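Let's take a walk through this model, from the overall build down to a few odd spots in the backbone. Keep the viewer open as you read.

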Amino acid sequence: MTSESEHPALRRLRAAMHDAGHAALVALSQDNVTYAAGFLVPSHLTNRFRRTIVVLAGDSFACQIVVNVEEIQARARSRFTDIRPYNQFTEDPANLLADALIEAGVDTGRIAIELDFMPAVDYIQLRKRLPSAEFVGCADLFFRTRMIKSDEEIATLRRVGTLSERVIGEVLGEVKIGMTEIDVARQLVDRLIAGGSSNFKYRVGSGANSSITNCGTTAKKIEAGDLIRIEVLGDVDNYRSNVTRTAVAGTATERQQRIWAALMGARDTCKMMLKPGTAVADVYRTYVRICREHDIEPTLKFLGHGIGQTIHEEPYLTDTRDIVFAPNITFTMEPLYMIPGEMGFHVEDMYVITADGFDAITGNLCSNDELIPVG
């Protein structure tokens, strides 16, 4: 395979590697390997004793290292034509990685590798095999490359986002006072699986449980006046959704309505800023300013985050990032305000920056501009 015939994702990674002055680029994490290879090696998700590694080096070298039980699937589905299997009981994958880097002629060069993910035992062996190499981290390289999505990626994100929003809307239509959070979750699970998503996560929290940011789903019964938070983190073709809705069992109180209106006002002002050239830090600062004008201190230190192969990617919408919006950046905005032990307010939708503004991937099927009455 020549670099010219490589998949666009690999060409983008190789170009970023060259621009940064690296001789090679190595990924070991589930999301970065999947982004490069185009498919998820099944046991990469569940077996921490197995390694899956991809290597790009120079102008054309490319290979993928997989455990031998995954070899057949890798040869059938991976974007890499050079598949190198190993026996997990008799071979050290770090040695296969070292062999590949030596073969590529970069064993004395600067190698960008996922130091924030790589097991220490692998790093020690790689250092032993390649004592003259310089190893540097590459988390930012991958995040910034993945941040700009292809049209194909955006289409997949629309599929999983639309499915997640539709399912939440359908389930909220069935919620009744007296149901448990687990009852609600069962309906989410059935509908998500029927819609083609199986590797998903969800959260259902009512009453005081809604005030727990990453709440568990319990046997608590929904009571009149409860706020109910439903969050779906869906999965379709290894791309994720992150959609949240807040409902009220019965009629919202004046206080609940006032808090929600303040959050939605801050969100809607931020929406007007979503276009190429806007700094994500400015969006976050605007959100915080408006919330504080209404006596609300945002619970999170960010307004949203990128979304793609993983739930949380760059850009984080916060004042610690220097990222500027550009076309085909996909992200969420999630105004969130928790009153511990009492109730929680949270809406999350997915967006994409376009040539002259933005498009809402979700928020069209089950609007949460107002608290959604159920029960």
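**A walk through the fold**

Start in the loop between helix 10 (280-293) and strand 12 (330-333), where you'll find Pro315. Keep in mind that this is a predicted model. The peptide bond leading from Glu314 into Pro315 is cis, with omega near 5 degrees.

Stay in that loop, between helix 10 and strand 12, and look for Asn328. Its phi is near 75 degrees, a positive value in a residue that isn't glycine. Is Asn328 tucked away or open to the outside? Somewhere in between: Asn328 is partly exposed, with a relative accessible area of 21%. Since buried means under 20%, that value puts Asn328 in the partly exposed class.

Gln309 also belongs to the loop between helix 10 and strand 12, but here the picture is one of burial. Gln309 counts as buried because its relative accessibility is 5%. Which residues does Gln309 touch, once neighbours within four places in sequence are set aside? Its contacts are Asp31, Thr34, Tyr35, Arg146, Asn238, Tyr239 and Arg240.

From there, hop over to Asp237, in the loop between strand 9 (235-236) and strand 10 (239-240). Asp237 is another non-glycine residue with a positive phi, this time about 50 degrees. Asp237 counts as exposed, because its relative accessibility is 51% and the cut-off for exposed is over 50%.

Now step back and take in the whole chain. There are 10 helices and 17 strands. Measure along the principal axes and the C-alpha atoms fill a box of roughly 70 × 40 × 35 Å. How does the radius of gyration fit with a compact globule, and what are the two values? A compact globule of 375 residues would come out near 21 Å, and the chain has 23 Å, so the two agree. Buried residues make up 55% of the 375 residues. Sequence-distant pairs matter to the tally too: of the contacts with a separation of 6 or more, 66% are between residues 24 or more positions apart.

Next, peek inside. The count comes to 1 cavity of 30 Å³ or more, and the largest cavity holds about 40 Å³ of space. Its lining is made up of Leu13, Leu25, Val26, Ala27, Ala36, Val54, Val55, Leu56 and Phe142. Strand 1 (24-27) and strand 2 (53-57) each supply at least two residues of that lining. What kind of residues are they? The lining divides into 9 nonpolar, no polar and no charged.

Last stop: the cysteines. A disulfide is a covalent bond between the sulfur atoms of two cysteines. How many disulfides does the structure hold? The count is 0. Take Cys63, for example: its sulfur is 15 Å from the closest cysteine sulfur, in Cys138, so the pair is too far apart for a bond. Cys291 has its closest cysteine sulfur in Cys270, but at 8.0 Å that is also too far for a bond, given that a disulfide needs the sulfurs within 2.5 Å. Cys63 counts as buried, at 0% relative accessibility, and Cys291 counts as buried too, at 1%.

Conventions:
Residues are numbered from 1 along each chain as its sequence is written. This is a predicted model: local features need pLDDT of at least 70, side-chain atom pairs count only at pLDDT 80 or more; totals for chains, interfaces and linings use all residues. Side-chain values use heavy atoms; hydrogens and water are left out. On a 1 Å grid over the protein atoms alone, a cavity is a set of points where a 1.4 Å probe fits but cannot get out, and a pocket is an open set with protein on both sides within 12 Å along at least five of seven lines; lining residues have an atom within 4 Å of a point. Grid points are joined across faces, edges and corners, and a volume is the space filled by probe spheres set on the points. Helices (H or I, at least four residues) and strands (E, at least two) are DSSP runs, numbered from the N terminus. Ala, Val, Leu, Ile, Met, Phe, Trp, Tyr, Cys and Pro count as nonpolar, Asp, Glu, Lys and Arg as charged, and the others, Gly among them, as polar. Buried means under 20% relative accessible area, exposed over 50%, partly exposed in between (1.4 Å probe, protein chains only). Contact means heavy atoms within 4.5 Å. The radius of gyration is taken over C-alpha atoms; the globule rule is 2.2 Å times the number of residues to the power 0.38.
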